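Here is a short walk through one protein model, written for reading at the bench with the structure open beside you. Have a look at it below, and then let us go straight to a side chain.

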Amino acid sequence: MHTKTWLTIKKILNIITGASVGFYIGRVLWIFADYKMHSDVYASYSAPWYTPIIVASLFWGTAILLEVIALLF
C-alpha cells in the first residue's frame with residue numbers, strides 16, 4: 001500500500017482510540033454524577049453503585065487494547 005494510505009489509516013485509528021478513551025471517561029463521570037444525584041436509588045440495588053463502572057472498564061478496556069494493538073501493528 002501507499003504511504004499516504006497508511007498515514008490515513010493511522011489517523012483514523014488515532015481518532016477512534018481517542019474517542020474510545022473519551023467515551024470511557026464520560027461514562028465513568030456520568031455514573032459517578034448519577035450516583036451523587038440519586039444515591040437513594042442506588043441504595044435499593046443488590047449490587048454496589050460502582051458495578052457499572054467495572055462493566056464499562058471491562059468493555060472499554062478491551063476495545064482500547066484492541067485499538068492500540070491495531071495502531072502499533
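## Phe32 and its partner

Phe32 is partly exposed, since its relative accessible area of 40% falls between the 20% that bounds buried residues and the 50% that bounds exposed ones. This is a predicted model, so please read every value here as computed from predicted coordinates.

Which residue does the ring of Phe32 pair with? Its partner is Trp49: the two ring centres are 6.0 Å apart and the planes meet at 50°, so the pair is tilted. Phe32 sits in helix 1, while Trp49 belongs to the loop between helix 2 and helix 3, so this contact ties together parts that are 17 residues apart in sequence. Trp49 also counts as partly exposed, with a relative accessibility of 24%.

## The wider aromatic picture

Phe32 and Trp49 have company: together with Tyr35, Tyr42, Tyr45 and Tyr50 they make up one aromatic cluster. Across the protein, the count of aromatic pairs comes to 7.

Another of these pairs joins Phe23 and Trp60, with 6.1 Å from centre to centre and 45° between the planes, which makes it tilted. Phe23 lies in helix 1 and Trp60 in helix 3 (residues 51-72), so here the parts tied together are 37 residues apart in sequence. Is Phe23 buried or exposed? At 55% relative accessibility, Phe23 counts as exposed.

## Overall fold and shape

It helps to place these side chains in the whole chain. The protein has 3 helices and 0 strands, and from the N terminus on the order is simply α-α-α. Helix 1 covers residues 3-37 and helix 2 covers residues 39-43.

How does the radius of gyration compare with that of a compact globule? For 73 residues, such a globule would come out near 11 Å, but the protein has 17 Å. Along the principal axes, the C-alpha trace spans about 60 × 20 × 10 Å.

## Surface and a nonpolar patch

Of the 73 residues, 15% count as buried. The protein exposes about 5800 Å², and carbon and sulfur atoms supply 74% of that area.

If you are looking for a nonpolar spot on the surface, try Val21, Ile25 and Leu29: they form a patch with about 260 Å² of accessible area together. Val21 is part of helix 1 and is partly exposed, at a relative accessible area of 34%.

## Two serines and their distances

Two serines give handy reference points. Ser39 is found in helix 2 and is partly exposed at 38% relative accessibility. From the C-alpha atom of Ser39 to that of Val21 the separation is 26 Å, with their positions 18 residues apart along the chain.

Ser57 has its place in helix 3 and is likewise partly exposed, with a relative accessible area of 28%. Ser57 and Asn14 are 43 residues apart along the chain, and their C-alpha atoms are separated by 20 Å.

## How far to trust the model

Where is the confidence lowest, and where is it highest? Helix 2 has the lowest confidence, at a mean pLDDT of 87, and helix 1 the highest, at 93. Over the protein as a whole, the average pLDDT is 91, and 99% of the residues score at least 70. As a friendly reminder, predicted coordinates should not be read in detail where pLDDT is low.

Definitions and conventions. Residues numbered from 1 in each chain as written. Predicted model: local features only at pLDDT ≥ 70, side-chain atom pairs only at ≥ 80, totals over all residues. Heavy atoms only, no water. Helix = DSSP H or I, 4+ residues; strand = E, 2+ residues; numbered from the N terminus. Rg over C-alpha atoms; globule rule 2.2 N^0.38 Å. Buried < 20%, exposed > 50% of the residue type's maximum accessible area, 1.4 Å probe, protein only. Areas by Shrake-Rupley, 256 points an atom, 1.4 Å probe, with all protein chains shown as cover. pLDDT = per-residue confidence, 0-100. Phe/Tyr/Trp six-rings, centres within 6.5 Å; stacked < 30°, edge-to-face > 60°. Patch = residues over 30% accessible without salt bridge, like charges linked within 9 Å, V, L, I, M, F, W, Y side chains within 5 Å. Salt bridge = Lys/Arg side-chain N within 4 Å of Asp/Glu carboxyl O.
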